[in-house]
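Grab your viewer and a coffee, and let's work through a few exercises. Try each task yourself before reading the solution.

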Amino acid sequence: MVYSISVRDLTKNFNGFTAVNRISFSVKKGEIFAFLGPNGAGKTTTIKILTTLLRPSGGSVHVNGYSLKDKDRIRQSFGIVFQDPSLDDELTAYENMVFHAIFYAVPKKVYAKRIEELLKFVELWDRKDSRVKTFSGGMKRRLEIARGLIHHPKILFLDEPTLGLDAQTRNLVLNHVREINKKEGMTVFLTTHYLDEAEKIADTIAIIDHGVLVAKGSLSSLLKKTEKKTLEAAYLKLTGTSIRNDQASSLEHLRTRMRVWKK
Amino acid sequence: MIAQMYIMWLRQLKRYWRSKPRMIGALGQPVLFLVALGFGLGPVFQRAGEGDYVTFLAPGIIGMSILFTGMFTGIEVIWDRQFGFLKETLVAPVSRVQIMIGRTLGGATIAVGQGILVLLISLAIGFHVENWALLPLALLFMALIAVLFTAFGTAIASKLTDMHAFPLIINFLIMPIFFLSGALFPLRDLPQALSVIISFNPLAYGIDGLRAALTSSAEFSVVTSLAVMCSVTIVIVLLGSYLFSKIEV
Ligand SMILES: Nc1ncnc2c1ncn2[C@@H]1O[C@H](COP(=O)(O)OP(=O)(O)O)[C@@H](O)[C@H]1O
Ligand SMILES: [Mg+2]
């Protein structure tokens with residue numbers, strides 16, 4: 001199997017509103033795949049479907065070779081950092097890690113070592129017995145990344161992992177992600193709306209807008225296709241320059257459709 | 001499978017243990033009821049030839065504290081949704097029924113703990129246990145009340161996304177459940193309509209069973225109380241598991 005994720009004609013409707021519209025893409029094993037798009041484009045919805053939290057309205061999805069029906073096996077095979085925090089603030093960092101290890105049936109002998117290794121990796125070992133509510137946003141993010149790795153997942157999903165972090169912390173988090181990808185050969189599926197991040201670490205970039213996949217490929221192929229010099233210029237050409245609210249307007253929908261048709 | 005339920009249970013206990021104000025706050029109301037009603041209505045009760053009111057009241061107030069604590073721990077589901085931890089549990093390779101049962105047992109353990117504290121306070125202010133050999137039976141009834149109403153609270157919380165709606169709904173339900181349970185007054189010689197309503201309230205059987213175990217006086221037979229409590233508890237746990245498994249995040 002060369003692909004960690006393959007998605008065909010994936011669609012998700014929320015009471016008549018189409019958040020994800022017949023997207024297809026594949027993610028190669030071991031690559032860093034950046035899913036780029038403005039607010040409300042459908043990135044989180046796609047991640048929720050890939051991670052079995054939402055049922056698709058149509059299309060087929062395979063994650064690590066399992067179809068979505070194979071819920072427990074898929075779940076055991078990935079780690080995820082959600083867009084919004086998902087730690088228990090009343091527990092310590094270490095307790096959050098142990099909770100996760102037990103939920104994923106990692107034996108005690110294994111997890112004791114793994115947790116130490118990971119907390120040291122994200123530089124939180126000396127704070128392991130502090131309650132999470134005393135952590136800064138960046139520390140929480142790093143802890144969530146460490147937690148998502150305890151059970152040796154084959155894919156790590158990161159939904160806007162750097163949202164709301166300062167430049168230094170963003171950099172640190174990205175370096176961690178790249179290091180894990182190299183060291184453990186782990187596939188990384190990352191959403192972001194920071195173009196520089198995608199530019200910096202992604203092997204493949206896919207751009208989604210209004211639920212429609214408008215482009216995908218390596219950075220150089222995207223630049224070539226759009227005849228632009230920077231990812232930013234290419235991105236703006238593909239997605240337009242209008243400002244987005246979470247709920248997309250129908251006019252914008254129409255424009256995207258037409259852009260896709262023209263290609 | 002057991003390990004996952006255990007860690008869920010342990011987490012509930014740790015969270016509770018770390019919020020001392022919650023523990024102490026939860027004791028205030030039962031103690032107030034015990035003292036104010038117990039001593040306030042005691043003389044009237046005595047004159048009516050019903051014996052010692054504190055002895056009658058204590059099992060009811062123990063039941064009340066378990067009811068309140070159990071129902072309100074359901075709100076943890078809503079907190080977990082708000083603070084995001086719910087997603088961490090729902091995306092794991094663990095069945096939702098296990099998560100729900102772990103949660104419920106955690107909340108129920110806390111509720112029984114509160115019940116035991118109220119029992120101790122009752123003893124301190126003059127409550128007499130008739131037969132200590134029946135204590136395990138009393139604990140069983142406390143556990144059943146705890147599981148039933150924790151599961152009920154969790155079931156309701158599974159359907160709600162609004163943190164503010166929960167206390168309103170719970171108070172709306174808790175008050176009739178409590179006042180129409182025989183916690184405060186004997187079930188004998190009541191108006192027909194009231195008797196009928198009370199006979200549909202599971203808490204009435206829980207408290208009556210508790211009273212039977214602690215004071216050797218009861219309205220229903222212990223077997224009836226046990227049978228009713230067990231079956232209602234099973235139904236509510238199943239309902240709660242179903243609603244919890246339908247949560248989307
Ligand atoms: N549960 C839901 N019900 C209705 N609409 C939703 C729901 N979740 C997301 N949406 C809508 O779907 C669109 C895509 O949302 P999302 O995937 O969160 O975007 P992104 O993560 O790219 O910012 C948005 O317009 C959003 O309002
Ligand atoms: Mg999003």
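Below are five exercises on this predicted model, each with a worked solution.

**Warm-up: the scores**

Task: Find out what ipTM and pTM the model has, and what pLDDT chain B averages.

Solution: The model comes with ipTM 0.91 and pTM 0.90. For chain B the average pLDDT is 93, and 100% of its residues score at least 70.

**Exercise 1: the four-stranded sheet**

Task: Work out the strand order of the four-strand open sheet in chain A, then say which strands sit at its edges.

Solution: Step one, the order: going across the sheet you meet β2-β1-β4-β5 of chain A, with antiparallel pairing. Step two, the edges: β2 (17-28) and β5 (66-67) of chain A each pair on one side only. Step three, zoom in on one edge: β4 (residues 58-63) and β5 of chain A are held by two bridges in the antiparallel sense, and A:His62 has A:Ser67 in β5(A) as its bridge partner. Step four, add the helix: α1 (residues 43-50) of chain A lies across β1 (3-14), β2 and β4 of that chain, at about 120° to β1(A).

**Exercise 2: the magnesium ion**

Task: Identify which residues coordinate the magnesium ion (ligand 2), and say which parts of the chain they tie together.

Solution: Start with the donors: OG1 of A:Thr44 and OE1 of A:Gln83 coordinate the ion, at 2.0 to 2.1 Å. Now place them: A:Thr44 is in helix α1 of chain A, while A:Gln83 is in the loop between β6 (78-81) and α3 (93-103) of chain A, so the pair ties together parts 39 residues apart in sequence. Last, check accessibility. A:Thr44 has 24% relative accessibility, so it counts as partly exposed; A:Gln83, with 26%, counts as partly exposed too.

**Exercise 3: the six-stranded sheet**

Task: Lay out the six-strand open sheet of chain A and find which helices pack on it.

Solution: The order is β6-β7-β8-β3-β9-β10 of chain A, and the pairing is mixed. At the edges are β6 and β10 (212-217) of chain A, each pairing on one side only. Ignoring direction, neighbouring strands are turned by 15° against each other on average. For a parallel pair, look at β6(A) and β7 (residues 155-159) of chain A, joined by four bridges; in β7(A), A:Leu156 is the bridge partner of A:Gly79. Then come the helices. Helix α8 (residues 219-226) of chain A touches β9 (204-209) and β10 of chain A, making about 115° with β10(A). Helix α9 (residues 231-239) of chain A touches β3 (32-36), β9 and β10 of chain A, at about 35° to β9(A).

**Exercise 4: helix α2 of chain B**

Task: Compare the span of α2(B) with what its 21 residues should give, then look at its buried residues and at B:Leu37.

Solution: First the length: at 1.5 Å a residue, α2(B) should span 30 Å, and its end C-alpha atoms are 30 Å apart, so the two agree. Next, the buried residues are B:Met23, B:Leu27, B:Pro30, B:Phe33, B:Leu34 and B:Gly38. What covers them includes α1 (2-17), α3 (42-47), α4 (53-73), α7 (96-124) and α9 (165-179) of chain B.

Now B:Leu37, found in α2 (residues 20-40) of chain B. B:Leu37 has a relative accessible area of 24%, so this residue is partly exposed. Beyond its neighbours within four places in sequence, B:Leu37 contacts B:Leu32, B:Gly42, B:Tyr53, B:Leu57 and B:Leu184. Finally, the C-alpha atoms of B:Leu37 and B:Val54 are 8.3 Å apart, with their positions 17 residues apart along the chain.

Definitions and conventions
Residues are numbered from 1 along each chain as its sequence is written. Chains are lettered from A and ligands numbered from 1 in the order in which they are written. This is a predicted model: local features need pLDDT of at least 70, side-chain atom pairs count only at pLDDT 80 or more; totals for chains, interfaces and linings use all residues. Side-chain values use heavy atoms; hydrogens and water are left out. Two strands pair if DSSP finds at least two bridges between them. Contact means heavy atoms within 4.5 Å. Axes are lines fitted to C-alpha atoms, for helices over the stretch in contact, and angles run from 0 to 180 degrees between N-to-C directions. Donors are N, O and S atoms within 2.8 Å of the metal (3.2 Å for Na, K and Ca); water is not among the atoms, so sites may look incomplete. Buried means under 20% relative accessible area, exposed over 50%, partly exposed in between (1.4 Å probe, protein chains only). pLDDT is the predictor's confidence in each residue, from 0 to 100. The expected span of a helix is 1.5 Å times one less than its number of residues.
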